[in-house]
Amino acid sequence: MDADVLATLKILIIGESGVGKSSLLLRFVDDTFDPDLGATIGVDFKIKTVTIDDNRVKLAIWDTAGQERFRTLTPSYYRGAQGCILVYDTSNRDSFNKLEEWLNEVEVYSTKRDIIKMLVGNKIDKDNREVDRQEGMTFARRNKMLFIECSAKTKDGVQYAFEELVEKIIQTPGLWEKDSQTSGGVDLSNTGNSVVQGCSGYCSLT
């Protein structure tokens, strides 16, 4: 029974093909890692129930294909999503350079004005880093996103990334409550403009 579930949240994972979106999802949901995982075809979908700040929340996480040929499916991905994880590969400069295009897609297709966005730099376990941490942090700050670096392979930061995103969504009731007019909810447009200036493990909007 889901009687004790506060809300069901739709979370998207987007970014270029090969940055590790599916690996992040598998690590978070099943705590597994497959180095030979193939590219996602269209969209994958997993459910996980988590408890954040004593609130049980059901997550419907959509893992989207990064290839251009699947972009025709885009509008349905974004419809109703409360959170979006934008992933790049810290060892692939091109995947970082494409972030602006992905962010633009979020702006165009998102049906939730206050959708919470998190930037994730994946594959920090690799030695051939091409994007340093400060660059990721600067991009996230400029675009009012949460930020963390992680590794789906070693587990480092993965759980925290999802939990931080969900926590921020819960703190923005207008995003998930059916009647935000009477909820006294916090409007992210008023709270999301102050971004932490110095962050260690992660950057938060609060």
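Here is a short chat about rings, charges and confidence in this predicted model.

Biologist: Before we look at any rings, how do you know how confident the predictor is in the chain?

Modeller: The mean pLDDT is 80, and 77% of the residues reach 70 or more. Helix α3 (residues 93–97) has the highest confidence, at a mean of 97, while helix α8 (residues 188–191) has the lowest, at 35. Go easy on residues 179–206 too, as pLDDT stays under 50 there.

Biologist: OK, on to the rings. How many aromatic pairs are there?

Modeller: There are 4 in the structure.

Biologist: Why is the pair of Tyr-78 and Tyr-109 called stacked?

Modeller: Pairing needs ring centres within 6.5 Å, and stacking needs planes under 30 degrees apart. Here the centres are 6.0 Å apart and the planes are at 25°, so the pair is stacked. This pair also links distant parts of the chain, with Tyr-78 in helix α2 and Tyr-109 in helix α4, 31 residues apart.

Biologist: And is Tyr-78 buried or exposed?

Modeller: Buried means under 20% relative accessible area. Tyr-78 has 0%, so Tyr-78 is buried.

Biologist: What makes Tyr-109 partly exposed?

Modeller: That label covers values between 20% and 50%. Tyr-109 has 32% relative accessibility, so partly exposed is the right label.

Biologist: Which residues form an aromatic cluster?

Modeller: Tyr-88, Phe-96 and Phe-139 do.

Biologist: Last one: where does the charged end of Lys-10 sit?

Modeller: Over the ring of Trp-62, 3.9 Å from its centre; the distance cut-off is 6 Å. Lys-48 lies over the face of Phe-28 too, at 5.3 Å from the ring centre.

Technical notes
Residues numbered from 1 in each chain as written. Predicted model: local features only at pLDDT ≥ 70, side-chain atom pairs only at ≥ 80, totals over all residues. Heavy atoms only, no water. pLDDT = per-residue confidence, 0-100. Helix = DSSP H or I, 4+ residues; strand = E, 2+ residues; numbered from the N terminus. Contact = heavy atoms within 4.5 Å. Phe/Tyr/Trp six-rings, centres within 6.5 Å; stacked < 30°, edge-to-face > 60°. Buried < 20%, exposed > 50% of the residue type's maximum accessible area, 1.4 Å probe, protein only. Lys NZ or Arg CZ within 6 Å of the ring centre and 35° of its normal.
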